[in-house]
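Visitor: I should like a close look at a single part of this protein. Please take me through the strand pairing and the pocket beside it, in one connected account.

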Amino acid sequence: MLIKRPTISEAQVTDYAIYQRRREFLKTLGGIGLLSAAGLPLLANAATDEVSTPYDDITQYNNFYEFGTGKEDPAKHAHLLKTSPWSITVDGACAKPGKLTLEDILKPHPDQERIYRLRCVEGWSMVIPWLGFPLADLLKRFEPTSQAKYVRFETLVDPKQMPGQKRQVLEWPYTEGLRIDEAMHPLSFIATGLYGKALLGQNGAPLRLVVPWKYGFKSIKSIVRISFVEQEPHTSWGRSAPGEYGFYSNVNPDVDHPRWSQRKERRIGEFRKRDTLMFNGYAEQVASLYSGMDLRKHF
């Protein structure tokens, strides 16, 4: 990669034990309210007493069908992905559309750390220390118009780099979407790294979306196009199985998948299952987005 990111050194944060000692240090400060006084950035939902999932598990256990349907396939094949040069096309209902290099995308945005839960629709979960920047900060640069009711995202299509695309497991390119207010929410995040290292191909390099209150498949990887649109965009899993994967895909223990319950989840690295939380534990921040909606109908 030509870009010197992330700016946090590998020696500072790569080691799992260092992350745990950092949390213990934060606790001695008396809570999140004292972070600013200590000269540390106050980040939305960056403080948690949950143990982060080990780096090896985050990078070796993945769903990324562009590289294959097995959990180990992405790590096995992602070395084929070339992330430099990389560009993203921004189009649709915005005043400043264009095609930007990865350098142009990243330059205005300093790194932030966000420690978020990730809940897979399959019933497993992780806690991941991401690096990146708020999605809203990126979208505002293109000045979406009043016709921009939704944001559509698209993944790279290149079967030579992504051998899983040689099979029509899904309709390529992989696409996802958010309502504009969801996209502009402070928790919505563009990840460029994790555990202080640049993002690997199997985790969605060089840019992936992270929407922590939704099931993991909403967090589209290896983004090459962002479109501001007026109508609700079609999504890959919505096209494949509309009765199983709704547009909103909010984590909701009261709405089961047709083939399994969503009330429990297995945190990777743990034996016993735990209760799944409404909106993956972010209800206080995001429930107002869905005020008055029937979340069983709009699942």
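Guide: In this predicted model, strands E5 and E10 pair in the antiparallel sense over 6 bridges. Within that pairing, Tyr150 stands opposite Val229 in E10. Strand E10 also takes part in a second pairing, with E1, which runs in the parallel sense over 4 bridges. Here the bridge partner of Thr89 is Arg225 in E10. Of the 7 residues of E10, 5 are buried, so the strand is largely enclosed by the rest of the structure.

Thr89 gives a local view of the E1 side. Thr89 lies in strand E1, which spans residues 87-92. Its relative accessibility is 19%, and Thr89 therefore counts as buried, the cut-off being under 20%. Leaving out residues up to four places away in sequence, Thr89 touches Gly98, Lys99, Val224, Arg225 and Ile226. Arg225 is thus listed both as a contact of Thr89 and as its bridge partner.

On the E5 side, the pairing continues to another strand. Strand E5, residues 150-155, is joined to E6 by 5 bridges, and the two run antiparallel. One of the paired positions is Arg152, whose bridge partner in E6 is Gly177. Strand E6 covers residues 175-179, and 5 of its 5 residues are buried. Both faces of E6 are covered: Thr175, Gly177 and Arg179 are buried on one side, and Glu176 and Leu178 are buried on the other.

The account now turns to the pocket. The largest pocket has a volume of about 480 Å³. It is lined by 30 residues, of which Asn63, Phe64, Gly216, Phe217 and Lys221 are the closest to its centre. By residue class, the lining divides into 18 nonpolar, 6 polar and 6 charged residues. Strands E3 (112-119) and E4 (124-134) each supply at least two residues of this lining, and the largest share, 4 residues, comes from E4.

These two strands are themselves paired. E3 and E4 run in the antiparallel sense over 8 bridges, with Arg117 opposite Val127 in E4. They form a hairpin with 4 residues between them, and Gly123 in the turn has a positive phi of about 105°. Of the 8 residues of E3, 7 are buried, so E3 is largely enclosed by the rest of the structure.

The pocket may also be set beside the database record. An unreviewed UniProt entry places the feature "binding site" at Asn62, Tyr65, Glu66, Cys120, Thr155, Asn203, Arg208, Ser219, Ile220 and Lys221. From this set, the lining of the largest pocket takes in Asn62, Tyr65, Glu66, Cys120, Thr155, Asn203, Arg208, Ser219, Ile220 and Lys221.

Two residues from that record can be followed in detail. Lys221 lies in the loop between strand E9 (208-210) and strand E10 (223-229), which leads back to the strand pairing at the start of this account. With a relative accessible area of 13%, Lys221 is buried. Not counting residues up to four places away in sequence, Lys221 touches Asn63, Phe64, Thr155, Gln202, Asn203, Gly204, Leu207 and Arg208. Among these contacts, Thr155, Asn203 and Arg208 also appear in the recorded feature.

Glu66 lies in the loop between helix H3 (55-60) and helix H4 (73-77). Its relative accessible area is 2%, and Glu66 is buried. Setting aside residues up to four places away in sequence, Glu66 touches Thr155, Met162, Pro163, Gly164, Gln165, Trp172 and Tyr174. Thr155 is therefore a contact of Glu66 and, as listed above, of Lys221, with the burial of Glu66 given by its 2% relative accessible area.

Thr69 is in the loop between H3 and H4 as well. At 37% relative accessibility, Thr69 counts as partly exposed. Apart from neighbours within four places in sequence, Thr69 is in contact with Arg167 and Val169. Thr69 and Val169 are 100 residues apart in sequence, with a C-alpha to C-alpha separation of 8.4 Å in space.

For the wider setting, the protein contains 9 helices and 12 strands. Buried residues make up 52% of its 299 residues. Of the contacts with a separation of 6 or more, 72% are between residues 24 or more positions apart.

How values were computed. Residues numbered from 1 in each chain as written. Predicted model: local features only at pLDDT ≥ 70, side-chain atom pairs only at ≥ 80, totals over all residues. Heavy atoms only, no water. UniProt positions renumbered as here; feature names shortened; annotations may be inferred. 1 Å grid on protein atoms, 1.4 Å probe; cavity = no way out; pocket = protein on both sides within 12 Å on 5 of 7 lines; lining within 4 Å. Buried < 20%, exposed > 50% of the residue type's maximum accessible area, 1.4 Å probe, protein only. Contact = heavy atoms within 4.5 Å. Pairing = 2+ DSSP bridges. Points joined across faces, edges and corners; volume = space filled by probe spheres on them. Nonpolar A, V, L, I, M, F, W, Y, C, P; charged D, E, K, R; others polar.
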